[in-house]
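I am opening a fresh page for this structure, and you are welcome to read along. My plan is to start with the whole chain, then follow one strand, and then see how the two copies relate.

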Protein chains: 2
Amino acid sequence: MTDTPLFQNVTLIGIGLIGSSLSHAMRKHGLVGAITVTTRSQETLDRAVELGLCQTATLDFGAAVKEADLVIICTPMGAYKNVATEIAPHLKPGAIVTDVGSVKMPIFESLAPALPEHVHLVPGHPVAGTEYSGPDAGFASLFENRWTLLTPAKDADADAVERVKALWERCGAMVEIMDAAHHDQVLAITSHLPHLIAYTIVGTATDLGDDIKQEVIKFSASGFRDFTRIAASDPTMWRDVFLNNRDAVLEVLGRFDEDLTELKRAVRRGDGEKLFEHFTRTREIRRSIIDADQA
Amino acid sequence: MTDTPLFQNVTLIGIGLIGSSLSHAMRKHGLVGAITVTTRSQETLDRAVELGLCQTATLDFGAAVKEADLVIICTPMGAYKNVATEIAPHLKPGAIVTDVGSVKMPIFESLAPALPEHVHLVPGHPVAGTEYSGPDAGFASLFENRWTLLTPAKDADADAVERVKALWERCGAMVEIMDAAHHDQVLAITSHLPHLIAYTIVGTATDLGDDIKQEVIKFSASGFRDFTRIAASDPTMWRDVFLNNRDAVLEVLGRFDEDLTELKRAVRRGDGEKLFEHFTRTREIRRSIIDADQA
């Protein structure tokens, strides 16, 4: 069964892990007529062409979006303001602009004010990724059975939201519409805090003396090994996450600190009962997640 | 090719994830003549028999070890002292006693002094596990291509060490002989700290209000999801890890705290350069681990 294209012309601004995966997925499922890719770097653009990720490639953001029915911003969030300023004068009336950034509240300051009134903004966040980055890292199935969260403003165009939702669903994602502020709170816990902690632990190990560091690498047990994968995620993307979701991250970090102090006290005092009780409680959350997956 | 048995009679004391996996692996590779299992609970013992994990089953620790050439203690570490006291009068001269506990220094206080001089103690630690526990959780390949660390005393019987090493190697493990104190320092970083942190984060999420908790479960991104797996590990085992490796864990927790404070300050100040520099550095450790795997 061939899918009908949802959009005639789609422009990807930025072609890293997410952008290239979107190109693969959209082409695989026949969702678009033609893809234009635009990037800041000539080298990345050349690679995108070599990989067959687009029909048209240009370094000129404005020229790239002129014909676009859908513009997907896949750059680090730190570039959003410039991107919006550069594309704004060239966007078609009725064009839809979306993004894939991990923090959604700042969109209403960085992207929204710069865009003309005659386009529709539908911010999005595919909760999917790997520790690899760049145009070679993408693959068509990245979004399958993963959540993509859309956080349109209350007065957003319903038809535009529907079309962006349909695009993600046909890439295999489960889609949910959420309030942007709420999104940023939930993700601060499920994603941003774990990443900051993993970055911290792996950094702590990096600072060890050379002989013990070699052994930490050699004998890295499952706990640490998982953390190193998380702490190998794209530095630019994660820098921008923490710059953009500062308040929610600091809030959950405060809670985490209190809880860690409590467990540390239990370790110091040799309070086995407290440790056992805590470790039993956390096991339940894992069960809930597994149950939620099966539901 | 059939392997020659390394030991005629092996006794497993405790038959959880590690004990049952050892039974599967030893039988699969034909490493033992006969296996005796002994446990504290009748229910677990019955299940071990049902699963075919042993030829002989008894609740009497002393009777279980009478004929043993090799005794493998697979109970939580908190039980070691009692186990040693109960088996000591019944051990054959020349018998080898080993264990699978995650902390090695306390062995020289809990196990060693209680054992008769005519047996050989070779403490061991298979760095392998899953978040499941109990006799049903075991499988033969658990130790394959994973490290098993042996921490015999300097004056340990060389032949006994060789035989325990051979057993693990023929179960598929890579084996290294290490100093016990050094082992406990390395594992504090690679395993104990990550587990304590994962337990903390998942606990922090558990304490959230019900509505946000439901969403944390529903949208759990890869970071948090990995942490919940780690934080679902056996509570008794992990309680005993922290009771037994207190000093090394508190030492690395101190370093972790300092590093977290620094990153937290960078988030609060919006210091993108510092965050980027840190996140780039941690990526290197992941590469080193992947290189070490391939070497």
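**Entry 1: contacts along the chain.** I began with how far apart in sequence the contacting residues are. Of the contacts in chain A with a separation of 6 or more, 76% join residues that are 24 or more positions apart. I also note here that this is a predicted model.

**Entry 2: overall build.** I looked up the secondary structure next and found 12 helices and nine strands in chain A. For the extent, I read that the C-alpha trace of chain A spans about 65 × 45 × 40 Å along its principal axes. Is that in keeping with a compact globule, or at odds with one? What I checked was the radius of gyration: chain A has 21 Å, and a compact globule of 295 residues would have one near 19 Å, so the two agree. I then looked at burial, and 53% of the 295 residues in chain A are buried.

**Entry 3: one strand in chain B.** I picked strand 4 of chain B, which covers residues 70–73. Which of its residues are buried on each side? I found Leu70(B) and Ile72(B) on one side, with Val71(B) and Ile73(B) on the other, and all of them are buried, so both faces of the strand are covered.

Its neighbours came next. Strand 1 of chain B, residues 7–13, pairs with strand 4 of chain B in the parallel sense over four bridges, and there Ile13(B) stands opposite Ile73(B). Strand 5 of chain B, residues 96–99, also pairs with strand 4 of chain B in the parallel sense, over four bridges. In that pairing Leu70(B) stands opposite Ile96(B). I traced the connection too: strand 4, helix 4 (residues 80–87) and strand 5 of chain B form a right-handed β-α-β unit.

**Entry 4: the nonpolar core.** In soluble globular proteins, nonpolar side chains tend to be buried together. Here the largest nonpolar core has 194 residues, and Val71(A), Leu193(A), Val71(B) and Leu193(B) have the most contacts inside it. I listed some partners of Val71(A), leaving out residues up to four places away in sequence: among them are Thr11(A), Ile13(A), Ile87(A) and Val97(A).

**Entry 5: the two copies.** How is chain B laid on chain A? I found that a turn of 180° with a shift of 0.0 Å along the axis does it, with an RMSD of 0.0 Å. That is the relation of a two-fold axis. In chain B, the C-alpha nearest the axis belongs to Asp226(B), 3.5 Å from it. The same surface serves both copies, as 100% of the contact residues of chain B recur in chain A.

Note on methods:
Residues numbered from 1 in each chain as written. Chains lettered and ligands numbered in written order. Predicted model: local features only at pLDDT ≥ 70, side-chain atom pairs only at ≥ 80, totals over all residues. Helix = DSSP H or I, 4+ residues; strand = E, 2+ residues; numbered from the N terminus. Rg over C-alpha atoms; globule rule 2.2 N^0.38 Å. Buried ≥ 20, exposed ≤ 12 C-beta atoms within 10 Å, placed from the backbone. Contact = placed C-beta atoms within 7 Å. Pairing = 2+ DSSP bridges. Right-handed = clockwise from strand over helix to strand, strands pointing away. Least-squares fit on C-alpha atoms with pLDDT ≥ 70 in both. Core = buried A, V, L, I, M, F, W, Y, C linked by C-beta atoms within 7 Å.
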